[in-house]
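Here's a relaxed walk through a few helices and charged pairs. Have the structure open and follow along.

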Amino acid sequence: MLDADAILTARRARLERGDRFPNFLLPDRTGAVRSLLERARGWGLAVFLDPDQALRATLKELGPGYGAAELDCIVLDNEAADDSDLCVLADSVGKVRAGLREMSGQQAVRPLAFLLDRNQRVIAVESDGDLAQWALRRWTEGIEAAKRSDQVSAVAPVLIVPNVLSPLECHALIERWSRDNREGTVASIIKGEVVQREYEKMKKRRDHTIAEQRVAEPLLALLARRLAPELDKAYHYRRFRMDRPLIVCYDAERGDYFRRHRDNQTPATANRQFALTLNLNSGYEGGELIFPEYGDQRYKPPAGGAILFSCSLLHEALPVTEGRRFALLTFLRDANQSA
C-alpha cells in the first residue's frame, strides 16, 4: 500500500528534478568570467563535474549530436584546459563543485552529470554509466515526446496587447525614423567599464531615439494609458516609469538581427522590470521574437500591437527575411528607483 504521508514528508535532496540550478561565476579557458545564466542560450544544458578521460573523449565525439539536438555542454574541473572542443570552466578551489555535490546528495568525488531544461531547471542527475550518452539520450527522448504531443506544455510568460497605437501613429513614427537614424549599439562591460559600442556579433539594426520631451512625453503617456490596465490585471504591476522611446528598423537587405540576450545585465540596466516592443508595420517576413527558455514558439504582434515581457527573460529578434520591420521599443522601470 502506498504510504502517501511518508512520500510527502520524506527528507529530500536539495537539488533534484524541478529545482532551479544554482547560478555561479567561473572563468573559461580564455580567462573570461561569466555567470552560468549569461552562458545559457535557451538550449538544454548538460553540466559535467570532474570528468575522467573517457567522459571527455565521448563528449568530444558526441559534439555534433549535442549541437543537432540543441543541447549545450559545460564541464567543471580543476582548470580550464585549452580545449576548444569543450566549454571547460575552471573551479580551481573546488568550491562550486563541492557545493553542487552537497546540494544533490552525491558527495563522492567521481564524474557527475546534471541535465537541465531550456530554463536551467533540473531534469535529472546521474553518476553511473556513460554520462555523455545518457544526457544526450535523455534530452532527445524528451524532445521527441514533446513533438508527439498536441498539448501546450510550455509558453513564455509574455503579455500581448493589440491596438495600442493607430495606423496613423505608427506611420508617423516610421516617418520620423526615416529622417534620422544611425547604427544601433549594445552596452558592454570592457575592463570594468560600461561602454556603448557597435557590435555586429550581437546586434545589427538602425535606430532613432526620440529625444525631444515634447514628442516623447505624450507618446509615453499614451502607451501607459493603454498598457497599464493590462499590466495591472496580468501581473499586478502598477507603478512604473518608461525609458526614452526608441524607433528601430530591421532590414532584410542588411541582414539585421538581435541575438539572444537579456535586457538587465549591466549596472545601468539592472533595475529594468519589463521590456516593451510595439510593432509599427506589417508586410515583412521573419523578425519574430523568440523566448528559447520556454520553447520554440515565435511571437509577432500585429501592427500597432505590443508585447511586454520581463527583462530577465532570454530573447532574440530573429532576422527579417523579406522587407523591413519597424518597431517602437522602451523599458519599464520601478517608479521608486532611479535609473
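## Helices and charged pairs

Leu 55, Thr 58 and Leu 59 in α3 touch Leu 131, Ala 132 and Gln 133 in α6. Bear in mind that this is a predicted model. Helix α3 covers residues 53-61 and helix α6 covers residues 131-148; their axes come within 8 Å and cross at roughly 40°. That crossing makes α3 oblique to α6.

Next up is α7. This helix runs over residues 167-179, 13 residues in all, and spans 19 Å from its first C-alpha to its last, close to the 18 Å expected at 1.5 Å a residue. Which residues of α7 are buried? They are Cys 170, Leu 173, Ile 174, Arg 176 and Trp 177. Looking down the axis of α7, you'd find these buried residues within an arc of 155°, so they line one face of the helix. The face turned away from that buried side carries the exposed residues Pro 167, Leu 168, His 171 and Arg 179.

So much for the two faces; now for the cover. The elements that cover the buried residues of α7 include the strands β13 (206-209), β15 (246-251), β17 (272-279) and β24 (324-334), along with helix α8 (213-235).

On to the charges. The structure holds 23 salt bridges. Here are some of them, with their N to O distances:

| Acidic side chain | Basic side chain | N to O distance |
|---|---|---|
| Glu 183 | Arg 254 | 2.8 Å |
| Asp 207 | Arg 205 | 2.7 Å |
| Glu 230 | Lys 233 | 3.6 Å |

Take the bridge between Glu 183 and Arg 254. This pair links distant parts of the chain, with the two residues 71 apart: Glu 183 sits in strand β9 (residues 182-183), and Arg 254 in the loop between β15 and β16 (257-261). Glu 183 has 19% relative accessibility, so this residue counts as buried, the cut-off being under 20%. Arg 254, in contrast, is partly exposed, with a relative accessible area of 26%.

What about the pair formed by Arg 205 and Asp 207: buried or exposed? Arg 205 is buried, at a relative accessible area of 4%. Asp 207 is buried as well, at 8%.

The Glu 230 and Lys 233 bridge sits in helix α8, where the two residues are three apart and therefore separated by about one helical turn. An α-helix has 3.6 residues a turn, so residues three or four places apart point the same way. Glu 230 is partly exposed, with a relative accessible area of 26%, while Lys 233 is exposed, at 62%. Elsewhere, salt bridges that share partners join Asp 50, Asp 91, Arg 97 and Arg 101 into one network.

One last acidic residue to click on is Asp 72, which lies in strand β4 (residues 71-77). Asp 72 has a relative accessibility of 14%, so this residue counts as buried. What is Asp 72 in contact with, leaving aside its neighbours within four places in sequence? Its contacts are Arg 41, Trp 43, Gly 44, Leu 45, Ala 46 and Tyr 66.

How values were computed: Residues are numbered from 1 along each chain as its sequence is written. This is a predicted model: local features need pLDDT of at least 70, side-chain atom pairs count only at pLDDT 80 or more; totals for chains, interfaces and linings use all residues. Side-chain values use heavy atoms; hydrogens and water are left out. Helices (H or I, at least four residues) and strands (E, at least two) are DSSP runs, numbered from the N terminus. The expected span of a helix is 1.5 Å times one less than its number of residues. Buried means under 20% relative accessible area, exposed over 50%, partly exposed in between (1.4 Å probe, protein chains only). The arc is that of the directions from the helix axis to the C-beta atoms. Contact means heavy atoms within 4.5 Å. A salt bridge is a side-chain nitrogen of Lys or Arg within 4 Å of a carboxyl oxygen of Asp or Glu. Axes are lines fitted to C-alpha atoms, for helices over the stretch in contact, and angles run from 0 to 180 degrees between N-to-C directions. Angles under 35 degrees count as roughly parallel, over 145 as roughly antiparallel, 65 to 115 as roughly perpendicular and the rest as oblique.
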